[in-house]
Amino acid sequence: MIFHVLTIFPEFFEGPFAHGVVKRGKDAGLLDIRIHNLREWTSDRHKTVDDRPFGGGEGMVLKPEPLFAAVESIWPERQPERKVVLLSASGRSFDQAVANSYTREAELLLICGRYEGVDERVAEHLADDEISIGNYVLSGGELAAAVVIDTVARLIPGVLGNETSAAFDSFQDTGHGEGLLDCPHWTRPAEFRGWKVPEVLLNGNHEEIRRFRKKLAREKTARWRPDLLV
Ligand code: SAH
């Protein structure tokens, strides 16, 4: 799968994909991440990407021309399995189900907004999807793009070492999780500062362990995310 990112801060992405699972996925050729500098598609001497909002008010807005020019040059032809995603606080909510649906695309192109946001014609006529990573406002779409790419990348078959391990994660309704939170995990030592690991996890009875984990996952979900139980 190929991820494209359109940004005015390409250096931002030197860190987020250089480690762990995502880096290994890249090295194994299972995914590719291509960072594009929006300023390459400006035509004036100052490489202007923003302008004042019509109607007045605070801040600046990303202009439509460089964004349309960039997408049309990265993808001279739009195809059904290539989706343009605009990162936006006012988009639909990103979650594990959206991430799973993105794994069916061949390529994603993520547009990072800045300032007060992006000219609305980009949302209306260039983007296939408008995505928010949560009910809070970031200063730019770069962190949001990194969140989306990281989440989708680990769902691509082969990227996680063990093919099934994503199925048991929180929110995944594909495995035994049924969309609940993950169950708690423990490792050695079996006793630490007097706190003991639950006995049942040590007894080797896999069916009992499975039922116990399910119970803990339900309890944890009821405590922190009762909205997931309905
Ligand atoms: N005025 C806008 C916020 C602009 S923040 C509003 O109130 O909705 C600047 C950019 O940061 C946005 O264009 C978007 O690309 C990104 N951004 C901010 N919050 C985000 C969020 N929760 N999810 C995804 N992108 C976000």
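Reader: In this predicted model, which strands and helix each supply at least two residues of the shell around the ligand?

Author: Strand S5 (82-93), strand S7 (129-132) and helix H5 (141-153) each do so, and the largest share, 3 residues, comes from S5.

Reader: What makes a residue count as part of that shell, given a cut-off of 4 Å between heavy atoms, and which residues come nearest to the ligand?

Author: A residue is counted if one of its heavy atoms lies within 4 Å of the ligand; there are 19 residues around the ligand, and Leu-87, Gly-113, Glu-116, Tyr-136 and Leu-138 come nearest. By class, this shell has 9 nonpolar, 8 polar and 2 charged residues.

Reader: Why is the approach of Gly-134 to the ligand called a polar contact, when the limit is 3.5 Å between N or O atoms?

Author: A nitrogen atom of the ligand is 3.1 Å from a polar backbone atom of Gly-134, and because the limit is 3.5 Å, the pair qualifies as a polar contact. By the same rule a backbone N or O atom of Ser-88, at 3.4 Å from a nitrogen atom of the ligand, qualifies, and so does a polar backbone atom of Gly-140, at 3.4 Å from an oxygen atom of the ligand. Of the 570 Å² that the ligand exposes when taken alone, the protein buries 84%, and the space taken by the ligand is the largest pocket.

Reader: How do you know that Arg-114 and Glu-142 form a salt bridge, if the cut-off is 4 Å?

Author: The side chains meet with an N to O distance of 3.0 Å, and because a side-chain nitrogen of Arg within 4 Å of a carboxyl oxygen of Glu meets the rule, the pair is called a salt bridge. Arg-114 lies in the loop between strand S6 (107-111) and helix H4 (120-125) while Glu-142 lies in helix H5, so the pair ties together parts that are 28 residues apart in sequence. By this rule the count comes to 14 salt bridges.

Reader: What is the phi of Tyr-115, and where does this residue lie?

Author: Tyr-115 has a positive phi of about 55° although it is not a glycine, and it lies in the loop between S6 and H4.

Reader: What makes the peptide bond from Arg-188 to Pro-189 cis?

Author: Its omega is near 0°, and Pro-189 lies in the loop between H5 and strand S8 (191-192).

Note on methods. Residues are numbered from 1 along each chain as its sequence is written. This is a predicted model: local features need pLDDT of at least 70, side-chain atom pairs count only at pLDDT 80 or more; totals for chains, interfaces and linings use all residues. Side-chain values use heavy atoms; hydrogens and water are left out. A polar contact is a pair of N or O atoms within 3.5 Å; within protein, one must be able to donate a hydrogen and the other to accept it, and residues adjacent in sequence count only if both atoms are side-chain atoms. Accessible areas come from the Shrake-Rupley method with a 1.4 Å probe; for residues, only the protein chains shown count as cover. On a 1 Å grid over the protein atoms alone, a cavity is a set of points where a 1.4 Å probe fits but cannot get out, and a pocket is an open set with protein on both sides within 12 Å along at least five of seven lines; lining residues have an atom within 4 Å of a point. A molecule sits in a cavity or pocket if more than half of its atoms lie within 2 Å of its grid points. Helices (H or I, at least four residues) and strands (E, at least two) are DSSP runs, numbered from the N terminus. Ala, Val, Leu, Ile, Met, Phe, Trp, Tyr, Cys and Pro count as nonpolar, Asp, Glu, Lys and Arg as charged, and the others, Gly among them, as polar.
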